[in-house]
Amino acid sequence: MPDKSELLLGCAPITEKPGMDRVMRVAINRVRQGKGAATFGRQQAFDAAIAKVVRDIPVDEQLAEWFAHEKMIPVVRRGWKKFVRNPVVIAMAIALLVIGGVIAYRVHEHLHDFPSADKARRLLTVAASNRSVLLDPLQTDAGALSDLYFMKHRLEHYDVPAEFAEFKTLGTRVFDDDEVRRVAQIWIKEKRMQFFLFPAEVDKDGKINDFSDWRFVEQEGWTGVLTQRNGVCFMAAMRGGDKDLTGYLAKKKE
Amino acid sequence: MPVTTENLPQLYRFCFLMTGDVAKAQSAFQDTVREATIQSEAEEPPDRLWYFRNARWRCVSVGEQDLQAEAGIFDEVEISPEAPDQIGQLTPEQLAVWISAAPEPQRSALALFYLDEFTLAELLSVLEMKAGELSELICSGRRQFQSWLDSTTAYYGGKTHDAGQV
């Protein structure tokens, strides 16, 4: 009993057009390199000779004229509705929407960026992954830690702004980060808030431009609010949105 | 794939191979195109395969009024190396007469296959059969045709071929 490839070879295409079935292509290549090459060659020559006679079938003059001039068969014009309903078009539209959405999100995210924003986002990732046990336990006012950083770690201007100076601390640590460099991290009792103090990033002109207002950054469900004074950035970070932190800033203004 | 006036000649050739007669081929061709036109106005224009399916059944219907060939009545011999030369001596009319005399569904299979127009998947779709069945019909058609060639090309003035009977 002939196997599947032999069966396929029985109806192998006379002219090998692009888009030929892969199984058929494999069967043809195999037979051409095997013992059956001569037999298959005879079959192909036989088929080609018949196909040539078929191509020579004359088309009646009356009909030939009909093909040339009559538009018996309307050209299929795909309406826009059909075009829109095509699954390939739908898939491409969805893909473009997703790509567009991601690009728009990224653009929006960086629209109000400032030089230290990338460092701040990196530290928000640190905040999200840290546990308080990593810190040295220390219960005091956050504002009192400036002296500790200066005396013990020689970190100048690592000051907690007045808005957050009265928060009670759980612990603190100073560590070196590859990108952010010397970072002071403070764990606060209230709402598992964390403070970060780190060197400011220089801008495009190579200068450090401090800012006294508060700027927000977001990363993976965490929000940070930053200010920059004397070349040092302070960031208060907590899980949640802008509103949670805006409340603390408003309280101080009152 | 839509049908355009460029591939309508292939439809006519198919009708001619199926009927072996110019008048019958024209009739089947024109009826098919006419029905396609009516259908195009009422709903979506039919695709290319629709034309050949429709024409096939018209040609089969026309052929039913004539004498019918029976399956397996032809001798079969293996394909000869001289076959292309033998075939080269044939006229399209002689080929059409032979194909149109084959029993269904072999006739449709041979006519569609030798148009050299369709992929295997398209052939199987139009003929509503499996690859194994199509292969059997084509292979036996080749052997029968070779046998017919051997017995007729001498008559038409070609070289004779001493093929072994299968």
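Helices here are DSSP runs of H or I at least four residues long, numbered from the N terminus. With that in hand, P105(B) is easy to place: it sits in the loop between α5 and α6 of chain B. Keep in mind as you look around that this is a predicted model.

That loop is a good place to start. The peptide bond joining E104(B) to P105(B) is cis, with omega at about 5°. Chain A has a backbone oddity to look at too. R154(A) isn't a glycine, yet its phi is positive, at about 55°. You'll find R154(A) in the loop that runs between α8 (145-153) and β2 (169-177) of chain A. Why point these two spots out? Because most residues other than glycine have a negative phi, and most peptide bonds are trans.

Now back to chain B and the helices on either side of the cis bond. Two packed helices are described by the angle between their axes and the distance between the axes. Take α1(B), residues 8-19, and α6(B), residues 106-113: they pack at an angle of about 145°, and their axes are 9 Å apart. The crossing of this pair is right-handed. On the α1(B) side, the contact is made by F14(B), L17(B) and M18(B), while α6(B) brings R107(B), S108(B), A111(B) and L112(B). Sorted by class, that contact has 5 nonpolar residues, 1 polar and 1 charged.

Helix α1(B) also packs against α5(B), residues 92-100, this time at an angle of about 60° with the axes 6 Å apart. Here F16(B), L17(B), M18(B) and T19(B) of α1(B) come up against P92(B), E93(B), L95(B), A96(B), I99(B) and S100(B) of α5(B). The class split for this contact is 7 nonpolar, 2 polar and 1 charged. Notice L17(B) and M18(B): they take part in the contact with α5(B) and also in the one with α6(B).

Next, zoom out to where the two chains meet. Between them, chain A and chain B bury about 3,700 Å², and 73% of that is on carbon and sulfur atoms. Chain A puts 35 residues into the contact and chain B puts in 46. Counting polar contacts across the chains, with both residues at pLDDT 80 or more, gives 7 residue pairs. Which elements of chain A give two or more residues to the side that touches chain B? They are α1 (4-10), α3 (37-55) and α4 (61-69). The largest share comes from α3(A), with 11 residues. That whole side of chain A divides into 23 nonpolar, 3 polar and 9 charged residues.

Finally, the salt bridges. The structure holds 15 of them over all chains, and the count between chain A and chain B is 1. The partners are D47(A) and R142(B), whose closest N and O atoms are 2.8 Å apart. R142(B) lies in helix α8 of chain B, residues 131-156, and D47(A) lies in helix α3 of chain A, so this pair joins two chains. It's worth finding on screen, since α3(A) is also the helix that gives the largest share of chain A's side of the contact.

Technical notes:
Residues numbered from 1 in each chain as written. Chains lettered and ligands numbered in written order. Predicted model: local features only at pLDDT ≥ 70, side-chain atom pairs only at ≥ 80, totals over all residues. Heavy atoms only, no water. Axes fitted to C-alpha atoms, helices over the stretch in contact; angles between N-to-C directions. Left-handed = near helix turned anticlockwise from the far one by under 90°. Contact = heavy atoms within 4.5 Å. Nonpolar A, V, L, I, M, F, W, Y, C, P; charged D, E, K, R; others polar. Buried area = accessible area lost by both parts, 1.4 Å probe. Salt bridge = Lys/Arg side-chain N within 4 Å of Asp/Glu carboxyl O. Polar contact = N/O pair within 3.5 Å; in protein donor to acceptor, adjacent residues only side chain to side chain.
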